[in-house]
Amino acid sequence: MTAARLIRAASAAVLLLALAACAPASTEPAAAPAAEPAAESPSSGNASDPIAFTAIDVETGEVVDGSILRGKDTILWFWASWCPVCEAESGAIVNAMAEPDWPDDVTIIGVAGLSDADQARVFIDSHGVGGFAHVYDTDGSIWQSFGVTGQPAFAWIDDDGTMTVKQGGIGKWDVLKKAQELAAS
């Protein structure tokens with residue numbers, strides 16, 4: 001095997017390993033995130049009404065009641081602090097929101113899980129995604145109520161209550177397009 005072919009084969013293997021790190025291992029629900037310190041309240045999700053969740057805001061420590069999102073166009077971004085695809089995607093989200101045609105009436109909330117709240121805070125700070133709220137799903141119940149089995153994933157929630165969940169990463173223009181579609185409907 002030539003050196004060039006060996007390098008290409010090794011590069012392909014590294015890429016596949018990186019993608020596998022963020023892909024769901026099965027169709028089973030995601031494992032519950034690591035336990036949080038007792039001072040933080042557990043999150044709660046409801047499979048029959050996924051938007052009726054409660055969780056702690058990662059940055060402020062305030063309790064967030066998901067039901068306040070009823071009647072609002074909302075994007076939920078499910079991510080994990082150790083996920084390389086989520087890391088790359090964070091820039092796409094920030095850049096999409098900075099576009100002049102980003103709809104003002106679309107709310108975006110990050111739903112962190114599968115690590116701990118301290119790691120989530122570091123991720124938010126180091127990747128510049130502090131421009132919108134992030135909640136921490138301490139027990140995986142919010143992820144499960146939306147049928148999210150791995151990260152990254154998105155839930156698109158129209159103001160009429162229609163929800164669509166997409167597993168896997170997306171780019172800047174896809175985020176912007178989905179936000180515009182939500183706002184237009």
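**Entry 1. Strands 3, 4 and 5**

I began in the sheet, where Gly 110 stands opposite His 134 in strand 5. The model I am reading is a predicted one. I then looked up how strand 4 is joined to strand 5: the two run parallel and share four bridges. On the other side of the lookup, I found Trp 77 opposite Gly 110 in strand 4. Strand 3 and strand 4 also run parallel, and seven bridges join them.

I traced the chain between these strands. It leaves strand 3, passes through helix 2 and arrives at strand 4, and this β-α-β crossover is right-handed. Strand 4, helix 3 and strand 5 make a β-α-β unit, which is right-handed.

How many of the seven residues of strand 4 are buried? I noted six, and the strand is mostly covered.

**Entry 2. Helix 3**

Next I went through helix 3, which spans residues 117-127. I listed Ala 117, Ala 120, Phe 123 and Ile 124 as buried. Viewed down the helix axis, the buried residues fall within an arc of 110°, so they line one face of the helix. I checked what they pack against and wrote down strand 3, helix 2, strand 4 and strand 5.

Which exposed residues does the face turned away from the buried side carry? I read off Asp 118, Val 122, Asp 125 and Ser 126.

I also looked at both ends of the helix. At the start, a side-chain oxygen of Asp 116 comes to within 3.1 Å of the backbone nitrogen of Asp 118. After the helix comes Gly 128, with a positive phi near 65°.

**Entry 3. Aromatic rings**

I searched the whole structure for aromatic pairs and got seven. I noted down Trp 79 with Phe 123, a stacked pair with 4.3 Å from centre to centre and 20° between the planes. This pair links distant parts of the chain, since Trp 79 is in strand 3 and Phe 123 is in helix 3, 44 residues apart.

Are the two partners buried or exposed? Trp 79 has a relative accessible area of 0% and is buried. Phe 123 counts as buried because its relative accessibility is 2%, under the 20% cut-off.

I followed the rings further and found a cluster in which ring pairs link Trp 77, Trp 79, Phe 123 and Phe 132. Trp 77 is the residue I had already noted opposite Gly 110.

**Entry 4. Ser 81**

I placed Ser 81 in the loop between strand 3 (73-79) and helix 2 (84-97). Its relative accessible area is 16%, so Ser 81 is buried by the 20% cut-off.

What does the side chain of Ser 81 make a polar contact with? I found the side chain of Ser 115, at 3.1 Å. I then listed the contacts of Ser 81, leaving aside neighbours within four places in sequence: Ser 115, Gln 119, Ala 120 and Phe 123. Ala 120 and Phe 123 are among the buried residues of helix 3.

**Entry 5. Thr 138**

Last, I looked up Thr 138, which lies in the loop between strand 5 (133-136) and helix 4 (141-145). Thr 138 counts as buried because its relative accessibility is 10%, again under 20%.

How many residues apart in sequence are Thr 138 and Ile 56? I noted 82, with 8.7 Å between them in space, C-alpha to C-alpha.

Key
Residues numbered from 1 in each chain as written. Predicted model: local features only at pLDDT ≥ 70, side-chain atom pairs only at ≥ 80, totals over all residues. Heavy atoms only, no water. Buried < 20%, exposed > 50% of the residue type's maximum accessible area, 1.4 Å probe, protein only. Polar contact = N/O pair within 3.5 Å; in protein donor to acceptor, adjacent residues only side chain to side chain. Contact = heavy atoms within 4.5 Å. Arc of directions from axis to C-beta. Pairing = 2+ DSSP bridges. Right-handed = clockwise from strand over helix to strand, strands pointing away. Phe/Tyr/Trp six-rings, centres within 6.5 Å; stacked < 30°, edge-to-face > 60°.
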